[in-house]
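Reader: I would like a close look at a single part of this structure, taken slowly and in connected prose. Please choose one strand and describe its faces and its partners.

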Amino acid sequence: MTLTPLVYWAQRHEEIYLRVELTDAQNIDVHVHEKVLQFRARGHGAKGLNEYEFNLEFISPVKPEVTHRSTQRQVNITVRKEQRGWWERLVVQERKPVFLAPDFDSWLDDLISCLNDFSFFLSNISGFVSLKTGFLFIYNLVQFLGFSWIFVNMTVRLFIFGQDSLYDTFHTISDVMFFCQILAAVEVLNAAFGVVRTGVIPTLIQVVGRNFILFIIFGSLEEMHNRPVVFFVFYLWSSIEIFRYPFYMLGCFNTEWKTLTWLRYTIWIPLYPLGVIAEAVAVIQSIPIFHETKLFSIPLPKAIGTSIGFSYFLHIYLVLMFLGLFINFRHLYKQRKRRFRTKKRKAN
Ligand SMILES: CCCCCCCCCCCCC/C=C/C(=O)SCCNC(=O)CCNC(=O)[C@H](O)C(C)(C)COP(=O)(O)OP(=O)(O)OC[C@H]1O[C@@H](n2cnc3c(N)ncnc32)[C@H](O)[C@@H]1OP(=O)(O)O
């Protein structure tokens, strides 16, 4: 009758480990042919001193060379997998042989070494990725993905549907634009709490200005939803942001790509005035609608007998817009000069 020893097994991505429970093993013969490992040895097992043997047909191919090392208590066998990867089980048959069991000690060693590697990795990255950098990077990444989606979607629709695409921009794009612009409030907080080196006023003008157009002019008036002006405003906003946010993302790691830096600090020169002109057109188009619908108008006491229409405020807003454009244009011009002056100095 053939006696089989107890065999414990474990795996790594590249190797299989077998631990054969035989003490003082001698005449060890272990080899692999195709996917089958054959083991034979004499030693002290469950049935005392005897000849013990077993065969294992692996679930996947292994390399023909096997290494083994015998200690007083056991025989350790290492087999290399043909292809790197994780096996769902060791042997080809679904019911594992009765003499085979998982080697929990080895799995535990694996887990501990994995945890050690992971904590080493964490302690390493925390050295150079601070919480602030991580937060800014994720914020800029989310904005970049949002605005890229908007820009690509609008461009593709323009190519496919031509002029028709100008009329349904709000229905197809507004949800993502709402998300990105609400999130942009974070930039005002970043400036206010000194998370980034920038002025609060220019950021506030930018965020409040855009959100006014998005939520009040477009969002609250259904009559504006199908107007082509929505297309121009969204396209101009997203054209700058697909360069601005990746520029900040690289900046988080003190890296820069010269072309991107140049684009970030240059394309606002035509885009900002065009953006404000598009926004002004939207405001002008909305004035008669607010006038007719009396939406947001402030009722006055009966004695006076009328109300202050929101359209009056919009006339004032039109002036504020160009004031805002002036403040931000000057701010961006200074930022541009500062950026390129520092570069030139560094180059000298
Ligand atoms: C008080 C409310 C009044 C309301 C009145 C309303 C009137 C509104 C009228 C105006 C309407 C404007 C509407 C907008 C229209 C358009 O957008 S049109 C399309 C074209 N638009 C643009 O070109 C403008 C794009 N926007 C911006 O550039 C900014 O929002 C800005 C605030 C105007 C300027 O940015 P700023 O941050 O000051 O400049 P930078 O040089 O890029 O940054 C300075 C440093 O800070 C770092 N930094 C900034 N932000 C981040 C970030 N998110 N993540 C990481 N780092 C950041 C940046 O790297 C710089 O650091 P250094 O390199 O070390 O200097």
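Author: What follows is an account of strand β4 and the strands beside it, with a shorter look at the ligand shell afterwards. The model is a predicted one, and the description should be read with that in mind.

Strand β4, which covers residues 36-45, has two faces. Leu-37, Phe-39, Ala-41, Gly-43 and Gly-45 make up the covered face, whereas Val-36, Gln-38, Arg-40, Arg-42 and His-44 belong to the uncovered one.

On one side, β4 is joined by seven bridges to strand β3, residues 23-33, and the two run antiparallel. Val-36, already named on the uncovered face, is the bridge partner of His-33. The two strands form a hairpin with two residues between them, and in that turn Glu-34 has a positive phi of about 50°.

β4 also pairs with strand β5, residues 48-57, again in the antiparallel sense, and here the pairing extends over ten bridges. His-44, another residue of the uncovered face, has Leu-49 in β5 as its bridge partner. β4 and β5 likewise form a hairpin, with two residues between them.

Turning to the ligand, there are 35 residues around it, of which Thr-198, Gly-209, Trp-268, Gly-275 and Gly-324 come nearest. The elements that give two or more residues to this shell are α2 (131-161), α5 (200-219), α6 (228-252), α8 (268-293) and α9 (310-347), and α5 gives the most, with eight residues. By character, the shell divides into 19 nonpolar, eleven polar and five charged residues.

Technical notes
Residues numbered from 1 in each chain as written. Predicted model: local features only at pLDDT ≥ 70, side-chain atom pairs only at ≥ 80, totals over all residues. Buried ≥ 20, exposed ≤ 12 C-beta atoms within 10 Å, placed from the backbone. Helix = DSSP H or I, 4+ residues; strand = E, 2+ residues; numbered from the N terminus. Pairing = 2+ DSSP bridges. Near = placed C-beta within 6 Å. Nonpolar A, V, L, I, M, F, W, Y, C, P; charged D, E, K, R; others polar.
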